[in-house]
Amino acid sequence: MVADKTREAIELAARQSYGKLLAFLAARTRDVAGAEDALSEAFAAALATWPEQGVPRSPEAWLLTVARRRLIDAGRRQRTQVDATATILLAMDELESERGAEGDIPDERLRLMFACAHPAIQPEVRAPLILQTVMGLDAATIASAFLVAPASMGQRLVRAKRKIHEAAIPFRVPEQDEMAERLAAVLDAIYAAFAEGWSDPAGAVARERQLTEEAIWLGRLVVSLLPDEPEARGLLALMLHAEARRDARRDGAGAYVPLATQDPRIWRTDLIEEAEEVLRIAGAMGRVGRFQLEAAVQSAHASRRTTGQTDWAAIVALYDALLALSGSPVVAINRAVALAEIEGPAAGLAALNDLAADARLADYQPYWAARASLLAAAQQKSAADEAYERAIGLEPDPAVRRFLQQRRAAL
Amino acid sequence: MQYMLLIYTNESAMAAAREKMGNEILPAYVAYTKAMQDSGVLVGGNRLRPTSSATTVRSVAGKNQVLNGPYAETKEQLGGYYLIDVPDLDAALSWASRCPGTQFGTIEVRPVWTDY
């Protein structure tokens, strides 16, 4: 009984405090890997001593004290200039905390996120790095979610941490003049984590489902720490809208259900309402951006729940605005599909044909699926058949593959 | 960089799902193969007949013996392979994840020795 309670207390501390403690330690030493080691030793020490001595009054402060001592010991052993400085800083902190006693540990997770999403860090390792440092996910879990070999994900994370240390990447919230660009990198990383969890084929793999929840949690954290940044709210609204439709993506037999034929009654009203409120506050700030526009597209889809119809003209206008911002071929595909809803498949196909020269689309399933469906609507059967075949061959999700095969068979 | 995608599935389960095989699985493989060709990554590949048709040759006490059956009795059997040429492991894993075989078994991704 007592042991169970202690274990629970340790798990709770790990969930609530890991990122906060790591951010605090790493921000002082710029040594993320060293801070991780010290923190995991502190958790091991908690496992060893709490069952006998009881859970301390402030588990967070206890863990921080132990981890900090480990770091100071490690710093003394290494005796290099940088580590010596770090050691002194840590020692001063400790003195200060002893004098100041009960003060809360400052929340520096945002600074940690900005370090992880720094321009000097490779873009594709930023989201994994944030998930590992702020959320405490292990490299194998992250590797599996991002479809990368565990060993190479581990290596990338190690290299990125070394870079933070050796290049002395600062742990700070950027000044206003560079905030927009730097925040975009943080938000991109969070969205990449969400998208990895979202593309989980069966919608049921516990670990990947957790990834969307972790991303939403991070989104909420950024909003709470940067309440005046509308794009942070835009991202949160976008993720909430998508999450609201999670269960509607599959029918009772596990078959794929596209957005157009989903039953809005299965959508989660609480999440939609929260998303609308978050987006409304963002919009009132008067600084439009990519995530707010994407969330607005999702909001337009969600309005089918109350009006029974989708406002395709509004959606095309939003995609036009997005396209002007980003020039992304992915946006252009979505815009072509929305355009076809208003002006017919020929108009949509003409818009898609403008993209055909983009080599990036050759292996991009949504391009071929969109093409196939518009060709089918335009009664161009043999071309539709070819496009369906390409889309099927590029689709990793068995349920979506089956759906496309049925569409192809119905030509 | 060349990688072999080795497709391991439970062949008796696959044989039992004959209808699904014809309607869904084989057409999915055809589409998958075509997508690899269209992307220019496919070097080669084959579907193998069941392990009941396998014969093994091994040396026992210095003398070659021919035996009926596969190399080892396992729950999942090698059912086919693709050889692809892609820039790196991530690209290979991305193609492996699209293989219809992941739905019924395991795809092993192995880099190929190219310097002899």
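Three short exercises on a predicted model follow, each with a worked solution.

Residues are numbered from 1 along each chain as written, and chains are lettered from A in the order written. In this predicted model, local features need pLDDT of at least 70, side-chain atom pairs count only at pLDDT 80 or more, and totals for chains, interfaces and linings use all residues.

**Exercise 1.** Check the span of helix α9 of chain A.

*Solution.* Helices are DSSP runs of H or I, at least four residues, numbered from the N terminus. Helix α9(A) covers residues 176-198, 23 residues. The expected span is 1.5 Å times one less than the number of residues. That gives 33 Å; the end C-alpha atoms are 32 Å apart, which agrees.

**Exercise 2.** Place I190(A) in the largest nonpolar core.

*Solution.* Start with burial: I190(A) is among the buried residues of α9(A). Buried means 20 or more other C-beta atoms, placed from the backbone, within 10 Å of its own; exposed means 12 or fewer, partly exposed in between. Next, the core: a set of buried Ala, Val, Leu, Ile, Met, Phe, Trp, Tyr and Cys residues joined through C-beta atoms within 7 Å. The largest has 136 residues, and L25(A), L112(A) and I190(A) touch the most other members. Domain 1 (2-101) and domain 2 (311-411) of chain A both give residues to this core, so it lies between them; the bounds come from an automatic or database domain assignment.

**Exercise 3.** Is V30(B) buried, partly exposed or exposed?

*Solution.* Locate V30(B) in helix α2 (residues 18-39) of chain B. Count its C-beta neighbours inside 10 Å: 14. V30(B) is therefore partly exposed.

Methods
Helices (H or I, at least four residues) and strands (E, at least two) are DSSP runs, numbered from the N terminus.
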